[in-house]
Amino acid sequence: RVLAIWRARFITAVSDGQVDLVGKRRTKEEIIAQLQNLGFSGSGDLEKLRDNNTVAQRRMVATGHDLEQYDDPRDKDYDYLLNMPLSSLTSEKMQDLSRDAEKKDATLAKLKTTEPEALWEADLDKLEDHL
């Protein structure tokens, strides 16, 4: 959800000229500084959001991964935006990402209002269908 929102916002910023990727032949450091000034989050911040989630923590423990083992060098913090293919910088892609974020917001809102027991029963029903 958050990733889709940031990518859609990045596409908008590029298309509106707020982020200049090639016009002045900027260095990666200059572009990252520009992204920071515009309030974009680095991947390290997104990882922290993801890991501040009990489901993610349980998955990490279950798979044997340590939450502190992330190799997140500063120069790769914004690669999730800067490595997007040029074909992603279209209004169609921005609309797709915005729709995706809205769907995930709706799913999250529904999950927040559903009792844990109901979620558990729904999961058991899905599991039963596959047995």
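**Entry 1: Phe10**

I started with Phe10, which I found in helix α1. Worth noting up front: I am working from a predicted model. Is Phe10 buried or exposed? Its relative accessibility is 1%, so Phe10 counts as buried; the cut-off for buried is under 20%.

Next I listed what Phe10 touches, skipping neighbours within four places in sequence. The contacts are Val19, Leu21, Leu35, Phe40, Leu81, Leu82, Met84 and Leu89. I picked Leu81 from that list and checked the backbone: Phe10 and Leu81 are 71 residues apart along the chain, yet their C-alpha atoms are separated by 7.1 Å.

**Entry 2: the rings**

How many aromatic pairs does the structure hold? I got one. The partners are Phe10 and Phe40. I noted how such things are reported: a pair of aromatic rings is described by the distance of the centres and the angle of the planes. Here the centres are 6.2 Å apart and the planes make an angle of 85°, which goes down as edge-to-face.

Where do the two rings come from? Phe10 is in helix α1, and Phe40 is in the loop between α2 and α3 (43–51). That is 30 residues apart, so I wrote the pair down as a link between distant parts of the chain. Both Phe10 and Phe40 are buried.

I also looked at what else visits the Phe40 ring. The charged end of Arg9 sits over the Phe40 ring, 4.2 Å from the ring centre.

**Entry 3: the core**

Then I pulled up the largest nonpolar core, which has 18 residues. Which members touch the most other members? I noted Phe10, Val19, Leu35, Phe40, Tyr78 and Leu81. Both rings from the aromatic pair, Phe10 and Phe40, are on that list.

The elements giving two or more residues to this core are α1 (2–15), α2 (28–37), α5 (79–82) and α6 (91–113). Helix α1 gives the most, with seven residues.

I followed Leu35 a bit further. Leaving out neighbours within four places in sequence, Leu35 is in contact with Phe10, Val19, Phe40, Tyr78, Leu81 and Leu82.

**Entry 4: helix α2**

Leu35 took me to α2, where I listed the buried residues: Ile31, Ile32, Gln34 and Leu35. Why do I say they line one face? Seen down the axis of α2, the buried residues fall within an arc of 160°, so they line one face of the helix. A reminder to myself: an α-helix has 3.6 residues a turn, so residues three or four places apart point the same way.

What do the buried residues of α2 pack against? I found α1 and α5. On the other side of α2, Glu29 and Asn37 are exposed. Just after the helix, Gly39 takes a positive phi of about 90°.

I checked two α2 residues one by one. Ile32 is in helix α2 and is buried, with a relative accessible area of 12%. Ile32 and Asp79 are 47 residues apart along the chain, and their C-alpha atoms are separated by 9.5 Å.

Gln34 is also in helix α2. Gln34 has a relative accessibility of 15%, so it counts as buried. Not counting residues up to four places away in sequence, Gln34 touches Gln18, Val19, Asp20 and Arg26. Val19 also turned up in my contact lists for Phe10 and for Leu35.

**Entry 5: Asp77**

I wanted to place Asp77. Where is Asp77? I found Asp77 in the loop between α4 (54–63) and α5. At 4% relative accessibility, Asp77 counts as buried. I then looked across to Ser43: the two residues are 34 apart in sequence and 4.7 Å apart in space, C-alpha to C-alpha.

**Entry 6: the whole chain**

Last, I stepped back to the whole protein. How many helices and strands are there? I counted seven helices and zero strands, and along the sequence the pattern reads α-α-α-α-α-α-α.

The protein has 131 residues, and 23% of them count as buried. I also looked at contacts between residues at least 6 apart in sequence: 73% of these join residues at least 24 apart. The protein exposes about 9800 Å², with carbon and sulfur atoms supplying 52% of that.

Terms used
Residues are numbered from 1 along each chain as its sequence is written. This is a predicted model: local features need pLDDT of at least 70, side-chain atom pairs count only at pLDDT 80 or more; totals for chains, interfaces and linings use all residues. Side-chain values use heavy atoms; hydrogens and water are left out. A nonpolar core is a set of buried Ala, Val, Leu, Ile, Met, Phe, Trp, Tyr and Cys residues joined through side-chain atoms within 4.5 Å. Buried means under 20% relative accessible area, exposed over 50%, partly exposed in between (1.4 Å probe, protein chains only). Helices (H or I, at least four residues) and strands (E, at least two) are DSSP runs, numbered from the N terminus. Contact means heavy atoms within 4.5 Å. The arc is that of the directions from the helix axis to the C-beta atoms. Accessible areas come from the Shrake-Rupley method with a 1.4 Å probe; for residues, only the protein chains shown count as cover. Rings of Phe, Tyr and Trp (its six-membered ring) pair if their centres lie within 6.5 Å; planes under 30 degrees apart count as stacked, over 60 as edge-to-face and the rest as tilted. A charge sits over a ring if NZ of Lys or CZ of Arg is within 6 Å of the ring centre and within 35 degrees of the ring normal.
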